[in-house]
Structure formats: C-alpha cells, structure tokens
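Dear colleague,

I am passing a structure on to you, and I would be grateful if you could look it over before reading my notes. What I found in it follows below.

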Amino acid sequence: MKRRRTAVLALVLALVLALTGCGTAGTTSESAQGVTKDSVKVGNSIATSGPLAPVGVPFKAGIEAYFLMVNEAGGVDGRQIEYVHQDDEFNPEKGKAAMDKLINDEKIFALVGHFGTPIVGATLNDIREIGIPAVYFATGTGILYNEKAPDSERCTFPVQPVYPMEGRIMTAWAVGEFDAKSIGVIYTNDDAGKDLLGGIQNEAEKVGGVTVIAEQVPPNAEDVSAAVIKLKNEDVDVVVIAAIQGTFPQIAKEMAKQGLNKDTLTTYVNSDQRMTEAVKDTVNGQFDIYSDAWVDMTKPAIKDYREWVAKTSDEDLSSNAYAMTGWIAAHFFVEGLKNVEGDLTWDSYIAAMESAPIQNPFGGAIDFSDGKRLGTQEMALLRMNPDVASGWEGFIGFKSIDDLIGK
C-alpha cells in the first residue's frame, strides 16, 4: 500500500511539473504519458490464468483483434496503438498491483477493458484519484453508475450494462411496452439484485404513477414461494426477476407453480440457453419471459469482428460473447481517440469521449456528455423460446428510455 501511494503521488507530481513547464495544462503532447507522435500505449489487467481464464482470454483476444485492425489500417492520426496486459488472476490485490505497474512502470495513456467486479472495486477510487482515462469495465457493478459525474469522476467510461441503468430500462419496458401500472420485483439480496431494484425504483419515480412492489430473496434460495405468493396476491401487472443466473430458474419455476402468470422481465445476464433449458418444462408457455439484450450478433460489424479475431487466436471465437465484448471495449477507446481535438492529453481525451454519442458496433449508442456515466443506454428485448437454438429470440430492437416512454 505504501509503495502504491508513493508511486501514485510521484506520477501526479510528475504530471503537475510537466504541465507547469508547458505553461498551460493539457496543451502539448509531452504532457500525456504513453503518447508519442507515432504511438499511444494502453493496457489493462485481466484474469488470463485461473478459474476466470475462459472469460479473460477471449476478452483479451477481442481487444487485440480490434487494435490489430486499426493498426493495419494506419492507426489513429498516424499513431499505432500499443496494448500491454497484466494477468491479475481475478485477485483484487494482484489487480491493484497490476494497475500500479501499468500506470507507473508501463506508463500507459489509458486503461481499456478493466475486468471483473472485485478488481474494479479494489481499484476504482485509485483510478479516479489519478484521473487516468478508463474505458469499458467488464462488470455491471453499481459503483460505476453516475447520472452527472463530478469532474473528479469523469475519467471513467462504463460501456457494458450497469445494473442501476438496466433497472431503469426495465421500468421503461414495463411501462412503455406492457402498459404496467404496478411492477412486482423479486430481487436477490446481493449487489446485483439491489442495484437492479434501485434502478427500477429510480425510473418509476421519474415516470410517476407506477407502483413498485419488491420482495427480497437470498441468492441461490431454494424456497422463494413467499415472495411469489406476495406478488400474486398484489396482482401486479408485470414481474421483474432481478436476480442473476443462480436464482433465476427457481423464481421462474415457482411463478409457474403458484400460477403467477404475468409477463416477466429479467436481466441480460440470464439470456442464456442454459436458463431456458432449466425452466422450459415447468413454465411450459404459461407466461412469457423477456430479457434485456445489449449485443446483437446480426449487426454488419460482426463480419469485421470474425475476420480479425481469427487472426489473433487459434480458438474459434467467431461467436464468443467475451471476445466480442473485448472488441467493443477497444472500439469505444478508438472512437474517443478519433474525436480528440488538438494535442492528445487526458483532458482532451475525456472531452472527446463526451463530445458526441458513440455507437456500439453491436448495439445502441452511449452518450457520455454532461457527466453521464450510465453504461449501456439502449437495449433490445429478447423473448424466451425453447424452440430456437439459443433459447431466446429477438422481440424488440434497441430502444432508449426516452424511446420507450415518449419523453
């Protein structure tokens, strides 16, 4: 800890001295570490060994594939993108050490694709204290969510869905597409469940005239009957299962058992063939289950992704969701880089990221202006269908909250 604080302080002092020597903060390329006239160095720490390696390895390959494509085309403003990586084994202490090395030894310009809830939780305050741009966090943790980030937090750019924002979008689906006046929520007593519930309540309050009835269950609970019976007795219009994979099947099956046959929404995390397989025989068409989606593999950009990811990995990653998210992380960083005006500094890059919405190549646009740090802001809706290979079929295309509730 002492070493890290010392290193961080040294970096901050170095930047202050550099900026002072230049006369005006952020006006020369010498003031930005990791930047030369023909390169910009970025990096991250990912678990590429250990239990999470099956996620981290393809995620890294997706990042490498996108940067390879950009570099082969000449880079951005003549600069090649140099990508360096540390393996943190999904260990928070190792993640902190890796970030220290990336910033103070490797002297990267930006973090691209910070990976995993425990690592992000252990390092987010340091990132904000230092002020280094950090684009894409591979987690939905609510600590990234901010509707109007202060200057000290504007260096972070969440792209993947963040649970409080996804909860807000769930309310918009319920109101805008299902005409709900009352929303029943069964949520798990963990960060994911509570963050989703917070977002649902937040948007219901903004919309007005919508009642939210919430019932809590423990993660991986085997008996959720009391929560289901409560919502049945309340005769809610729509049910939201605000629980990730371990608890979702139990809640859906109990709803079928108790006859709570209401349209049901759930998080994108549950739009997995295994979830459909787990509940299809019990639910058996008694009610429809819908999930959010933030990535559409039918978008034209999938062609480029498949071409370039095949050049960076011996594995078949053509339909690998983790590799695709790595591709998305690199894409958002590059789009910000393209929008920089003048010399490339942390300040000019942050301003560029906020200057115009950035389109997800496989999804909706994200607007970072005015301090919005919300993660994905446009989502599609899938419907569970056991008769298709993925277990889910497209139902409604990408929409924002404003699209759904007509603000």
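How many bridges join strand β4 (residues 134-138) to β5? Please keep in mind throughout that this is a predicted model. In that model two bridges join β4 to β5, and the two strands run parallel; within this pairing, Val135 stands opposite Phe157 in β5.

These two strands belong to an open sheet of five, in which the order is β2-β1-β3-β4-β5 and the pairing is parallel. The edges of that sheet are formed by β2 (80-87) and β5 (156-157), each of which pairs on one side only.

A second parallel pairing is found further along the chain, where strand β6 (residues 182-188) and strand β7 (residues 211-217) are held together over seven bridges. Between these strands the chain passes through helix α6 (residues 191-207), and the resulting β-α-β crossover from β6 to β7 is right-handed. If you would like a residue pair by which to find this place, Val185 stands opposite Ala214 in β7.

Among the helices, I looked at α2 (residues 53-72) with some care. With 20 residues at 1.5 Å a residue, α2 should span 28 Å, and because its end C-alpha atoms are 28 Å apart, the model agrees with that expectation. Helix α2 is also mostly covered, since 14 of its 20 residues are buried. After the helix comes Gly74, whose phi is positive, near 110°.

As for the chain as a whole, its secondary structure comes to 13 helices and 14 strands. The radius of gyration is 22 Å, close to the 22 Å that the globule rule gives for 407 residues, so the chain is as compact as a globular protein of that length. Taken along the principal axes, the box that the C-alpha atoms fill is roughly 70 × 45 × 40 Å.

Of the 407 residues in the chain, 55% are buried, and the area that the chain exposes is about 16,600 Å², with carbon and sulfur atoms supplying 47% of it. Finally, if one takes the contacts between residues at least 6 apart in sequence, 72% of them join residues at least 24 apart.

With best wishes

Notes: Residues numbered from 1 in each chain as written. Predicted model: local features only at pLDDT ≥ 70, side-chain atom pairs only at ≥ 80, totals over all residues. Heavy atoms only, no water. Helix = DSSP H or I, 4+ residues; strand = E, 2+ residues; numbered from the N terminus. Expected span 1.5 Å × (residues − 1). Buried < 20%, exposed > 50% of the residue type's maximum accessible area, 1.4 Å probe, protein only. Pairing = 2+ DSSP bridges. Right-handed = clockwise from strand over helix to strand, strands pointing away. Rg over C-alpha atoms; globule rule 2.2 N^0.38 Å. Contact = heavy atoms within 4.5 Å. Areas by Shrake-Rupley, 256 points an atom, 1.4 Å probe, with all protein chains shown as cover.
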